[in-house]
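Q: Could you take a close look at one chain of this model with me? I'm new to this, so please go step by step.

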Amino acid sequence: MDLRIKSLSDTPHTISYVIRKRQQIDSLSELGKEKMPTNEIIWDGSPEDLEEWIERVLSPSKSDTGTVISLSDVED
Amino acid sequence: MAQSFVEFSDVDISPLFSWSKEFKVVSGDVETPVFMRILGDADMNRSRVAALRKSADLRRKLKDINSDERMAFIKDIDDVDMDTLIAVVIVFSMRSISESCVPKLKIKAPKMPRSDAKTSAHEKYQAEVDSYPDRRQEELKALINKEIELAKETLEKDSKDNIYKKYVEAMIEEMCEQELLREFKSQCCYFGSYKSQDLSEKLFASFEEFNNLEPNLKQQFLTEYSSMEIHGDDLKKLQQVTR
């Protein structure tokens, strides 16, 4: 790295943006193809749009992987 | 306005690494060397906060009907006719109109063929990528024009008092936005200017020192900083680096 950059906060914001975006996309990839936000949300959406998407796909009621327990199944 | 992500085929990431430069500030016959850099996150945040404070200060003055700023920049209701009021409100609403139109776009981004697809499929995809920005822009322009007409019709039915209120809000919003940008750019020049090539010694002892420069000198700094910047939408086009 350039020796003129002495601390992380000195990294040009343009470069740190790309690094953060790379990390964000890596993390979002963990969601799998089906739950991954659209390109429009990733690149043109607001942080709130992205948060809303993640909350929606991770919400237990919307999740297709969660196990639904019926009250009638609970033993007394 | 946000550009399409499909333009990543035109990506050139080299500007990312041109984040500092040397130039000479010219004042009459005197040339002073300056070393300038793109700010890091910490200084960017300082610039943003300073700019927000400056814009909030102007907003407070513009809202005070007895302030010099209010009297200088915002006309009295009796001094401005309906057509002008409507025109100003529409012009200053352009950004929000454009933003509201983007989600309504029907155009779909070209779909990349499989890597082992025939050359003709890749050629077709590339042609779609090349024409995509113009097609998208055309659709967006049509949507915006429609929205403007609708907004105009709605305003024409409204009372002068109501439109004047919208005019004042729009004027204040626009002037504060401009003030914020001006201050932010000035702060970037102040934080980003150095005396030495190793970027260790700041050129200005304080922001006031930069801010009090002659307008012509100040403009040279602003132009040079701007020449190094990569804007948000251009950075988004760099998404090839994140794939």
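A: Let's begin with a word you'll need: two residues are in contact when heavy atoms of theirs lie within 4.5 Å. Keep in mind, too, that this is a predicted model.

Now to chain A. Take the contacts in chain A with a separation of 6 or more: residues 24 or more positions apart account for 24% of them. As for the secondary structure, chain A has three helices and zero strands. If you walk along the sequence, you meet the pattern α-α-α.

How much of the chain is tucked away? Chain A has 76 residues, and 28% of them count as buried. Its accessible surface comes to about 5800 Å², and carbon and sulfur atoms make up 55% of that surface.

Let's zoom in on helix α1, which covers residues 13–29 of chain A and includes A:His13. Is A:His13 buried or exposed? Its relative accessibility is 15%, and buried means under 20%, so A:His13 counts as buried. Look across to chain B and you'll find some of what A:His13 touches: B:Ile38, B:Leu39, B:Gly40, B:Asp41 and B:Met44. That list leaves out residues up to four places away in sequence.

Next, hop over to helix α3 of chain A, residues 47–58, where A:Glu48 is found. Here the relative accessibility is 52%. The cut-off for exposed is over 50%, so A:Glu48 counts as exposed. A:Glu48 also has company: together with A:Asp49, A:Glu51, A:Glu52 and A:Glu55 it gathers in a patch of negative charge on the surface. Why negative? Because Asp and Glu count as negative.

So there are two residues to put side by side on your screen. A:His13 in helix α1 is buried at 15% relative accessibility, while A:Glu48 in helix α3 is exposed at 52%.

Before you leave, here are a couple of spots in chain B. B:Leu199 is found in the loop between β3 (193–194) and α6 (207–211). Phi of B:Leu199 is near 55°, which is a positive value in a residue other than glycine. With 10% relative accessibility, B:Leu199 counts as buried. Another loop, between α2 (68–73) and α3 (82–101) of chain B, holds B:Asp81. B:Asp81 is partly exposed, at 44% relative accessible area. Try finding B:Ile107 as well: B:Asp81 and B:Ile107 are 26 residues apart in sequence, and from C-alpha to C-alpha they are 40 Å apart in space.

Terms used: Residues are numbered from 1 along each chain as its sequence is written. Chains are lettered from A and ligands numbered from 1 in the order in which they are written. This is a predicted model: local features need pLDDT of at least 70, side-chain atom pairs count only at pLDDT 80 or more; totals for chains, interfaces and linings use all residues. Side-chain values use heavy atoms; hydrogens and water are left out. Patches are made of residues with over 30% relative accessible area and no salt bridge: like charges are joined within 9 Å, nonpolar side chains (Val, Leu, Ile, Met, Phe, Trp, Tyr) within 5 Å. Accessible areas come from the Shrake-Rupley method with a 1.4 Å probe; for residues, only the protein chains shown count as cover. A salt bridge is a side-chain nitrogen of Lys or Arg within 4 Å of a carboxyl oxygen of Asp or Glu. The place of a charge is taken as NZ of Lys, CZ of Arg, CG of Asp or CD of Glu. Helices (H or I, at least four residues) and strands (E, at least two) are DSSP runs, numbered from the N terminus. Buried means under 20% relative accessible area, exposed over 50%, partly exposed in between (1.4 Å probe, protein chains only).
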